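Please read the following report alongside the sequence and the model. It takes up strand pairing, helix packing and a ligand shell in turn.

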Amino acid sequence: MHALDHIDLGTPASASPEFVTLEIDGVTTTVSAGTSIMRAAAEIGTRIPKLCATDNLKAFGSCRVCLVEIDGRRGFPASCTTEVAAGMSVRTESARLQQLRRGVIELYVSDHPESLLGVDARPRTEIREVARSLGVSASPFGATVARHTDLPIDASNPYFSFDPNACIVCSRCVRACDEVQGTLALTIAGRGFESHVAASNGESFLESECVSCVACVEACPTTALTEKSLDAASPIDRSVTTTCAYCGVGCSLVAEVHKDAVVRMVPDRGGGANRGHACIKGRFAHGYAVHADRIRSPMIRRSIADPWRPVSWDEAIGYAASEFKRIQREHGRDSVGGITSSRCTNEEAYLVQKLVRAAFGNNNVDTCARVCHSPTGYGLKHTLGESAGTQAFTSVQHADVVMVIGANPTDAHPVFASQLKRRLRDGARLIVIDPRAIDLVQTPHSRAAYHLQLRPGTNVALLNALAHVIVTETLTKANFVAARCEAASYQQWLRFVSRPECSPESTADVTGVAAADIRDAARLYARANNGAIYYGLGVTEHSQGTTAVMAIANLAMATGNLGREGVGVNPLRGQNNVQGSCDVGSFPHELPGYRHISDSATRALFDADWGVTLLDEPGLRIPNMFEAALDGSFRGMYIQGEDMAQSDPNTQHIAAALSAMECVVVQDLFLNETALYAHVFLPGSSFLEKDGTFTNAERRISRVRKVMEPLAGLADWQITMALANALGYTMHYEHPSQIMAEIARLTPTFAGVTYEKLDRLGSIQWPCNAAAPDGTPTLHVDSFIRGKGRFYVTEYVGSSERVTARYPLLLTTGRILSQYNVGAQTRRTENLSWYAEDLLEINPHDAENRGIAPGDWVGIGSRAGETVLRADVTGRVPPGVVYTTFHFPDSGANVVTTDSSDWATNCPEYKVTAVQATKVSKPSEWQLRHRKLVAQQKQLATS
Ligand code: SF4
Ligand code: SF4
Ligand code: FES
């Protein structure tokens, strides 16, 4: 479907519960009060011509194309800005209306290159379609009144261009930037005939505040704002609705395709998570899928010092299977394991854990959630009863107070950030708890009521202080707690948080946050009609990650902020399918649906279905696998799409463990950092090359649909199936829908999920079963999934990563909008135009003390290792804190992070590393060694 074929109803829906009956062209219709005439007409199939209106923006009423006649009213009101009224009688067509509309369009056309109006003009535009519907194909004024031709085309942005010559100054782009994205990068500058669209303060689009979400391009009814990929040589042959493969927002995207190539990605207006919006990554950063670096043939080698040898699929799979069997024969059943990918589909992650449990015969399976949100799974399961966020994203529109803890949505979850900003513009109050001044602290529309800028590693102390205020000032919701929570655990928690040691005053020295601010923020959250908490890796990636998640759940239960719209505990999950990979059994202690491996009834179900006898003991977690590799008891690893050598902490430790193994099988798109240590490389498939499902942070299961054939011949699920068969365990699936049918058969929370239902409903939030056949947007509505909510005592224990004279700064890490995670995908796109290297943010005070100027090379050393990055001297970080991203392998941010980890889940403490920063002039020893290794391995791959 072409984007223009979407039925645009012209103006947003009205939320009014009242109804109004009117007549349009003699047809009686009933709509919500507050609906525009344009929308009411569109809903009964009557299309009124329009230019400045579109149904995801408030009506503006500037173009005057949409005029109608209303009985008893003088003149010709604009149908987009005129609301329906009871008994109204509207005419949308008459000779006079036709004449007026033609006159308006002729004026617009006079300001528009005629070549863009021709029958064959590409791309299709709304202005062309409206002009043609009114019989206008050229301006009666000729080319004499063109107004904008003297302004140059702005082609600075690699993905889209702005041609002022084709602009009709309808303001749709400006309104889209404001209302949909919430960035306000665009304005209409000048007046009258001189008026024109300008980015920021007249800067180029690339240099401006524009975040390249291209809501403006999506809104533009002409070719003034156009994606560069839409050249005339690439007509769209077909379109395929699929799901973004980047972050946990899980935007639904429509891939518009020419032959086998994606011409562009358009956000799907029917997308449950994104409602027609997307960010620069989902929109544009898909070129990696056909990048020259893609490996298209399986490869093997006996030793990592040998050259890679391209081989057939049969030989590669056969070699991997024989090596795993040999290792198990020689070193025991538990000497091998596997890693599922949170970038792959649910079906693919499910097959890998099935292979490990059924074909390897052990439970040594884990996933990257180990290093990001495993504390969320553990903490929410124990307190509320389910390892997942409680709300749909739309819920935020009902929140009065939003607390964002350790998350940076504008960079890491941009489409959710836009929804949140919309709610903030409409009056919700915001509390930000973060060591950095993230963008949300001050947006063009709003300022956070409180920014509690705590020291890294002190979340639990701060959360306890918030709880102390709520409890001691009797701001708890007693009725909710009495009805819904365990009384004994609540009493124990009350006694704990009431202690003076938990008070804001007592903890201020630890957290660095003024007690008065904590008190005010606690009151704001607790007194809200609806208070919602959103949190990210700044909560989980700590030695007390699980404790902090439990403290958050405690706060929400104590204030009654669970079980309805506008409230909740919402982990913003990182990878596109990290929720899903956990759901389908990627943890060593849990079968699909978070059922413990020690539960004999659950095991019996899987034993019968899979024809095996499962072990009843949890297997090794990722850090245990690496430890075991170093002690010689773990020697083979099947890694589906995870670059552990770059993403896991303490790089040198990981490299030593990988080097100690005898068979490392990497299944990926590229020869990544982990492949430097691999013996078998199985070329994987991108999200464009397969069918399946992803599950986003709202538990929303969405379809991934194949756009093109796998470049290397097999989709990831087919590779895993082949490996299982070669290992002697039979797997046979013709299509991923059969794998989903098996997951549904064996997992109560997925029991009602089918591809047919997903196609029909668009997406489904689990649980989906007989009790909730269409899914469950909000969890814990009448009672908690575990029955009664359970409070946990959350004693604060300081991180072992403390500042010392040797390491006087705290390093914390995070993400940037244009790059993604280890950067394997985004580094292979034009997104490099915005961010081409990891930078070290350092406060001006700390920089001056060290003689560091912006752009200087800075050595960052910790007890784990040292690396060198360029300095970004900025007040975004407070004195004593430095910050970097980890998108580029050569930066080696994880050379510095340590293996300190969460007490319950082993999630690494990425967010707190004690470091020293010094001005240097050359790369670190590690960087020099790493560069040499990369060069050698490159040669081995091509020789
Ligand atoms: S660039 Fe497009 S959307 Fe923006 S004012 Fe011009 S015609 Fe309208
Ligand atoms: S917000 Fe996340 S899911 Fe949506 S387009 Fe951006 S990266 Fe993709
Ligand atoms: S569409 Fe109604 S005035 Fe432009």
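## Basis and terms

Two strands are said to pair if DSSP finds at least two bridges between them, where strands (E, at least two residues) and helices (H or I, at least four) are DSSP runs numbered from the N terminus. This is a predicted model, in which local features need pLDDT of at least 70 and side-chain atom pairs count only at pLDDT 80 or more, while totals for chains, interfaces and linings use all residues. Residues are numbered from 1 along each chain as its sequence is written, chains are lettered from A and ligands numbered from 1 in the order in which they are written, and side-chain values use heavy atoms, with hydrogens and water left out.

## The seven-stranded sheet

An open sheet of 7 strands with mixed pairing follows the order S13-S12-S25-S24-S23-S14-S15, and its edge strands, S13 (309-310) and S15 (365-367), each pair on one side only. Strand S14 (residues 336-340) is parallel to S15 over 3 bridges, with Ile-339 opposite Asp-366 of S15.

Helix H8 (residues 346-360) packs on this sheet, touching S14, S15 and S23 (636-640), and its direction makes about 170 degrees with that of S14; contact means heavy atoms within 4.5 Å, and angles run from 0 to 180 degrees between N-to-C directions of lines fitted to C-alpha atoms, for helices over the stretch in contact.

## The shell around ligand 2

The residues near ligand 2 (a heavy atom within 4 Å) include Cys-244, Cys-247, Cys-251 and Cys-279. Helix H6 (280-284) and helix H11 (414-425) each give two or more residues to this shell.
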